[in-house]
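Welcome, and please have your viewer open with the selection panel at hand. We will go from stop to stop, with something to pick at each one.

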Amino acid sequence: MKKRIAMGLLLIAALLALSACAAVQPTTQQPGAAPAEDSGKLAQIKAAGKIVVGTSADYPPYESIDADGNFVGFDMDLIRAIGERLGVEVEIQDMPFDSLIAALQEGKIDAVIAAMQATAERDEKVDFTIPYRMTKDAFAAAQDSTLVMEKPEDAAGHSIGVQTGTVQERWVQDNLVATGLTPADKVFSYERADQAALDVANGRIELLLMDAEPAMELAKQTGLKILLITESTAEGGKSIAIPEGASDLKAELDRIIQELIDDGTIQKIQETHGLP
Amino acid sequence: MDFAQNLVTTFNFILQGVGVTIGVTLVALAVGLVFGVTMAMARVYGNPLLQAIAAAYSVIIRAVPVVVIIFILFFVIARFVNLSPFWAGSLALGFTSGAYQSEIFRGAFRAVPSGQMIAARAIGMSKLQAIRSIILPQAVRLALPAWGNEATLVLKDSTLVFVVGVPEILRRAQQVSARTLEPFVAFSVAMLLYLVLTLLTTQILQWFERRYRLQM
């Protein structure tokens, strides 16, 4: 009797697990499987009168929340300018950075603007507009550091901190560790960049590699100095992510972004947020 | 002066997350209570099939991290019904809490002497009638202390619903800390708010415990 109940339990568990898998699986396949729905994305947004945009509001000066609870920053002003030209309202939804792509794939949001770079890996799951801003990276060190850097490879052999899951982390792995310039145990990955900055300030690690503008902001706050600002570690520009296959939306957004670059609007927004 | 002002703005900002945290916790506890009591009843008084289903629910849900369930439920349920992040997160948390609550109530049902069920059946009550008017009123009282513990756990698990974009206390603390780069102030405020909420919850439940104590 006991054995039979145990067997029954196992069976049910297996069934539940299977059905859970079956239910989850389409998540990864959906984008390619439903071109008909996606091609109407732009019309869908226009009909709703609003575009729901996901961001991760913890990355000033690109996106953060001010004391009154408003979304502020370069990306936020940009997406509002885009919404204006698109003729729809912009609704911003805050999420952790890791959840954004999944929410986009599942249609919970229509687009993502989060200082996100169009890396090859992300491009497999979602589509990206043309870049609205080119990216630079910065190497930062403690105030009393005697290190001098002229090119990114000068970081070779020194202990270095990066943020997990970023393009900078990959650059360090590919160009310093894989080539044998820096031993793997001298690379430290942090969940957030400010944690790495504190360790540099305290002398636990020598260098920090991250996005240039937040790096400068962090450097000011934690008393670091910027050794080098470079384009060669960055993989391109920051783009808006949209659902895979939403070609009509991509065409419209690309057109608007180009327009905003050409008429100097993006330049103006950059200046209001102190971005070079 | 600067510090005090910073503290006040930080506090006011994070305070706006308290309503969300309380909302998520209450919905989750209520949903969990329904699931928990039903599953515990199925487990203790149901036929073998019901027992197996209830046991599987409890074992599987308790084996998976809460945050994973929230993530899966949000994106799976979202396919069929268009739920807001608040409701999806709260329901997922409630579904999880239900598994833990079912164990609490299973213990409480078992703690009611089995002779009472036999006696109730002997005077002509149906099984459901007996559960409703004889067993349940006692079981609920017996379950209260353990249930209060679960309530404080759900309160703290409510921080997890942020993975689907619900701006509760902890996320607001993260937002402040990202802006001001003073994590210590932000997270201290969050800690204080959770402490107050937990103390309140415990007080309320203790009042219930005293008020509805079994006179044995």
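Two residues are in contact if their C-beta atoms, placed from the backbone, lie within 7 Å. Keep that in mind for the touches along the way, and note that this is a predicted model.

**Stop 1: Asp110 of chain A**

Select Asp110(A) first; you will find it in the loop between helix H6 (97-105) and S5 of chain A. Which residues does Asp110(A) touch, not counting residues up to four places away in sequence? They are Ile45(A), Ile51(A), Val52(A) and Val53(A). Is Asp110(A) buried or exposed? Asp110(A) counts as buried, because 24 C-beta neighbours lie inside 10 Å, and 20 or more is the cut-off for that label. Now add Glu231(A) to the selection: its C-alpha atom is separated from that of Asp110(A) by 30 Å, with the two positions 121 residues apart along the chain.

**Stop 2: two backbone details**

Move to Ala115(A), in the loop between strand S5 (111-112) and helix H7 (120-125) of chain A. Check its phi: the value is near 50 degrees, positive in a residue other than glycine. Ala115(A) also counts as buried, because 21 C-beta neighbours lie inside 10 Å.

Next, pick Pro60(A) and Pro61(A), which are joined by a cis peptide bond with omega at about 5 degrees. Pro61(A) sits in the loop between strand S1 (50-55) and strand S2 (64-65) of chain A.

**Stop 3: chain A as a whole**

Zoom out to chain A, with its 12 helices and 14 strands. Of its 276 residues, 40% count as buried. Among the chain A contacts with a separation of 6 or more, 76% are made by residues 24 or more positions apart.

Color chain A by its domain assignment: domain 1 is 34-134 + 237-272, and domain 2 is 137-230. The C-alpha centres of domain 1 and domain 2 of chain A lie 29 Å apart. Where they touch, five residues of domain 1 of chain A are in contact with four residues of domain 2 of chain A. On the domain 1 side, these are three nonpolar, two polar and no charged residues.

**Stop 4: a five-stranded sheet**

Now show the strands S8 to S12 of chain A. They form an open sheet in the order S10-S9-S11-S8-S12, with mixed pairing. Strand S10 (187-190) and strand S12 (224-230) of chain A are at the edges; each has a single partner strand, so one side of each has no neighbour in the sheet. On average, neighbouring strands of this sheet are turned by 30 degrees against each other, direction ignored.

Turn to the helices on this sheet. Helix H9 (residues 193-201) of chain A packs on it, touching S8, strand S9 (160-163), S10, strand S11 (207-211) and S12 of chain A. The direction of H9(A) makes about 165 degrees with that of S9(A). Helix H10 (residues 212-222) of chain A lies across S8, S11 and S12 of chain A and runs at about 165 degrees to S12(A).

Then walk through the pairings:

- Strand S8 (residues 137-142) of chain A and S12(A) are antiparallel over six bridges; Asp137(A) stands opposite Thr230(A) in S12(A).
- S8(A) and S11(A) pair in the antiparallel sense over five bridges; here, Ala138(A) stands opposite Met210(A) in S11(A).
- S9(A) and S11(A) run parallel and are joined by two bridges; Gly161(A) stands opposite Leu208(A) in S11(A).

Stay on S11(A) for a moment. It is largely enclosed by the rest of the structure, because five of its five residues are buried.

**Stop 5: over to chain B**

Finally, display both chains and select where they meet: 23 residues of chain B are in contact with 27 residues of chain A. On the chain B side, helix H1 (2-15), helix H3 (48-63), helix H4 (66-80) and helix H8 (169-180) each supply at least two residues. The largest share, six residues, comes from H3(B). By class, this side of chain B has 17 nonpolar, five polar and one charged.

For the last selection, UniProt lists residues 20-42, 54-81 and 184-208 of chain B as "transmembrane region" in an unreviewed entry. In the model, residues 20-42 of chain B are 100% helix, with the end C-alpha atoms 33 Å apart. Residues 184-208 of chain B are also 100% helix, and there the end C-alpha atoms are 36 Å apart.

Technical notes
Residues are numbered from 1 along each chain as its sequence is written. Chains are lettered from A and ligands numbered from 1 in the order in which they are written. This is a predicted model: local features need pLDDT of at least 70, side-chain atom pairs count only at pLDDT 80 or more; totals for chains, interfaces and linings use all residues. Helices (H or I, at least four residues) and strands (E, at least two) are DSSP runs, numbered from the N terminus. A residue is buried if 20 or more other C-beta atoms lie within 10 Å of its own, exposed if 12 or fewer, and partly exposed in between; C-beta atoms are placed from the backbone. Ala, Val, Leu, Ile, Met, Phe, Trp, Tyr, Cys and Pro count as nonpolar, Asp, Glu, Lys and Arg as charged, and the others, Gly among them, as polar. UniProt positions are given in the numbering used here, feature names are shortened, and annotations may be inferred rather than shown by experiment. Two strands pair if DSSP finds at least two bridges between them. Axes are lines fitted to C-alpha atoms, for helices over the stretch in contact, and angles run from 0 to 180 degrees between N-to-C directions. Domain bounds come from an automatic or database domain assignment.
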